[in-house]
Amino acid sequence: MTAAALPAPAAPPAREPEPLLSATDLTVTFGLGSSIAARLRHEARVLRAVDGVDLEIRRGEALALVGESGSGKSTLARALTGLVPLAKGEIRFDGRVLPARRKHSDQRRIQMVFQDPYSSLNPRLTVGSMLAELLRVHHVVPRSEVGSFSRELLGLVGLGEDALPAYPRQFSGGQRQRVAIARALALRPDILLADEPVSALDVSVQATILNLLRDLRAELGLTLMLISHNLAVVRHLCDRVAVMYLGRIIEVAPTETLFSNPQHPYTRGLLAAIPKLSTAGDEGAPAIAGDPPSPLRIPAGCRFRTRCPIAEARCEQEDPALRISADDSSHSAACHFAFSAAGAPAAG
Ligand SMILES: Nc1ncnc2c1ncn2[C@@H]1O[C@H](COP(=O)(O)OP(=O)(O)OP(=O)(O)O)[C@@H](O)[C@H]1O
Ligand SMILES: [Mg+2]
C-alpha cells in the first residue's frame with residue numbers, strides 16, 4: 001500500500017488533562033530479618049508490599065482504593081506521600097517526576113490522614129501550638145496571621161476556637177480525627193490521602209467525618225484518595241475505584257461501572273461479600289475462597305489464580321497486564337478474560 005492510499009489520520013482523541021498524581025511501575029519492598037529458619041525454608045527475605053503499581057489520580061476527583069487486608073493499600077499511600085522509599089518506579093506530581101528526596105514545597109502538597117488520629121498527633125502539644133508550629137515551619141501564612149488562620153482551620157473541620165488550648169487526649173475519637181484533618185489541611189495540600197480515616201471511630205461518628213471529607217472536597221477543590229474497607233462508603237463518596245490485590249492494581253473503573261459491571265473475578269468476589277441490608281440475616285457471601293498468598297511468595301503468572309474460580313492453564317504462565325477495555329476507555333482490568341464472554345460470571 002502506498003502512502004497515498006492510507007486513510008487520512010483520524011483526529012487525535014480529546015486528551016484527558018494530565019493527572020495530578022500518577023505512579024508508574026511503583027514498587028515498595030521490605031527487607032525482612034534473615035533468621036536461620038527462614039534461610040532453611042529457602043524463603044525470600046524481601047517482601048513486595050507494592051509490586052508494580054500503575055495508577056493515576058486526576059485533579060479534583062475522589063478515588064477509592066480498596067482490597068483485602070495486606071494487599072498493600074497503606075504502603076502505596078505512604079509511598080505516594082514520600083514516607084517510604086521506592087524500590088522501583090516513578091511518581092509524577094503536577095507534571096513533574098518527584099525525586100526520592102522531596103522538596104518541602106512538594107511534601108506539603110500531598111498530605112495523609114491516618115486511621116488512628118491519636119498516634120498521628122503529638123500528645124505533648126496543644127492543638128494551637130501544633131498548628132502554629134506547622135504554619136510557621138512551612139511559611140504557610142505570615143506570623144501575624146497564624147492565630148486567625150488556625151481558628152479558620154478549626155472552623156472548617158467543625159471545631160470551635162476552644163479547641164486551641166486543648167491537648168489531643170482531651171478530645172473524643174471523632175474530634176481528634178477532625179484535628180488531624182485540620183492539621184493536614186493547614187499545609188494547603190492539593191491532595192489528601194485518607195487511610196481508613198474512620199475505621200477506628202465509633203460507628204455513630206463515622207458518617208460525620210466522612211461527610212466532612214466530602215464537604216471539604218467540594219469547598220476546597222481537594223483531590224482525595226480514600227482507602228476504605230467499606231464499599232458502601234466508597235460508593236457514596238468516590239468517583240472512581242481502584243482495586244488492589246497482592247501489591248498490584250487489578251481493576252480501575254468509575255464507581256458505578258465497577259459496581260454494575262465488575263470484570264476481575266477478585267472484584268466480583270469483593271462485591272459479592274457486601275452484606276445486603278434488604279435481606280434479613282444475609283451476612284453476604286464469604287468474600288473469596290481461601291486466604292491471600294503471602295507477599296513473600298507471589299504466585300507466578302496471574303497472582304490471583306490460586307483463588308480464582310475461572311483460572312485456566314494460561315493463568316499459570318502469563319501475568320495479565322492492566323488492560324483498557326476496547327469499549328470503555330475509563331475501565332481497566334488485569335485478567336486474561338476481562339471484557340470478554342469467557343470472563344463473564346456464570347448465570348444464576
Ligand atoms: N514496615 C513493614 N515491614 C515489613 N512488612 C511490612 C511493613 N509494612 C507493611 N508490610 C507488609 O506489607 C504488606 C502490605 O501491607 P499494608 O499495610 O500496605 O496493607 P493494607 O492493604 O494497608 O492492609 P490493611 O487493610 O490491613 O490496612 C503486608 O504483607 C504487610 O505485612
Ligand atoms: Mg492499611
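**Exercise 1. Aromatic pairs.** In this predicted model, determine how many aromatic pairs the structure holds, and work out which residues the ring pairs link into a cluster.

*Solution.* Begin with the count, which is three aromatic pairs in the structure. Next, take Y245 and F304, whose ring centres lie 5.0 Å apart with 85° between the planes; since planes over 60 degrees apart count as edge-to-face, this pair is assigned to that class. Then place the two residues along the chain: Y245 belongs to strand β9 (residues 240–245), F304 to the loop between α10 (265–272) and α11 (313–317), and the pair links distant parts of the chain, 59 residues apart. With a relative accessibility of 1%, Y245 counts as buried, and F304, at 2%, counts as buried as well. Now turn to Y266 and F304, where the centres are 5.4 Å apart and the planes stand at 65°, so this pair is likewise edge-to-face. Here the link runs from helix α10, which holds Y266, to the loop between α10 and α11, which holds F304, across 38 residues. Both of these residues, Y266 and F304, are buried. The last step is to join the pairs, which gives a cluster of Y245, Y266 and F304.

**Exercise 2. The open sheet.** Establish the order of the eight strands in the open sheet, and explain why β6 and β11 each have one side without a neighbour in the sheet.

*Solution.* Reading across the sheet, the order is β6-β7-β8-β3-β9-β10-β12-β11, with mixed pairing. The strands at the edges are β6 (110–113) and β11 (323–324), and because each has a single partner strand, one side of each is left without a neighbour in the sheet. Further in, β3 (residues 62–66) and β8 (residues 223–227) pair in the parallel sense over four bridges, and in β8 the bridge partner of A62 is L224. To finish, add the helices: α10 packs on the sheet, where it touches β3, β9 and β10, and its direction makes about 105° with that of β9. Helix α2 (residues 73–81) lies across β3, β6, β7 (191–195), β8, β9 and β10 (248–254), and runs at about 145° to β6.

**Exercise 3. Salt bridges.** State how many salt bridges the structure holds, and then decide whether R303 and D51 are buried or exposed.

*Solution.* The total is 17 salt bridges, and three of them, including the one asked about, can be followed along the chain. One joins the side chains of R92 and E18 at 3.4 Å, N to O; R92 lies in strand β4 (residues 88–93) and E18 in the segment before β1 (21–31), 74 residues apart. With a relative accessible area of 27%, R92 is partly exposed. Another joins R303 and D51 at 2.9 Å, N to O, and it links the loop between α10 and α11, where R303 sits, with strand β2 (residues 46–57), where D51 sits, across 252 residues. Both R303 and D51 are buried. These two residues also belong to a network of salt bridges that links R48, D51, R248, R303 and D319. A further bridge brings together R59 and D190 at 3.6 Å, N to O; R59 is in the loop between β2 and β3, and D190 is in the loop between α6 (173–186) and β7, 131 residues apart. At 17% relative accessibility, D190 counts as buried.

Technical notes:
Residues are numbered from 1 along each chain as its sequence is written. Chains are lettered from A and ligands numbered from 1 in the order in which they are written. This is a predicted model: local features need pLDDT of at least 70, side-chain atom pairs count only at pLDDT 80 or more; totals for chains, interfaces and linings use all residues. Side-chain values use heavy atoms; hydrogens and water are left out. Rings of Phe, Tyr and Trp (its six-membered ring) pair if their centres lie within 6.5 Å; planes under 30 degrees apart count as stacked, over 60 as edge-to-face and the rest as tilted. Buried means under 20% relative accessible area, exposed over 50%, partly exposed in between (1.4 Å probe, protein chains only). Two strands pair if DSSP finds at least two bridges between them. Contact means heavy atoms within 4.5 Å. Axes are lines fitted to C-alpha atoms, for helices over the stretch in contact, and angles run from 0 to 180 degrees between N-to-C directions. A salt bridge is a side-chain nitrogen of Lys or Arg within 4 Å of a carboxyl oxygen of Asp or Glu.
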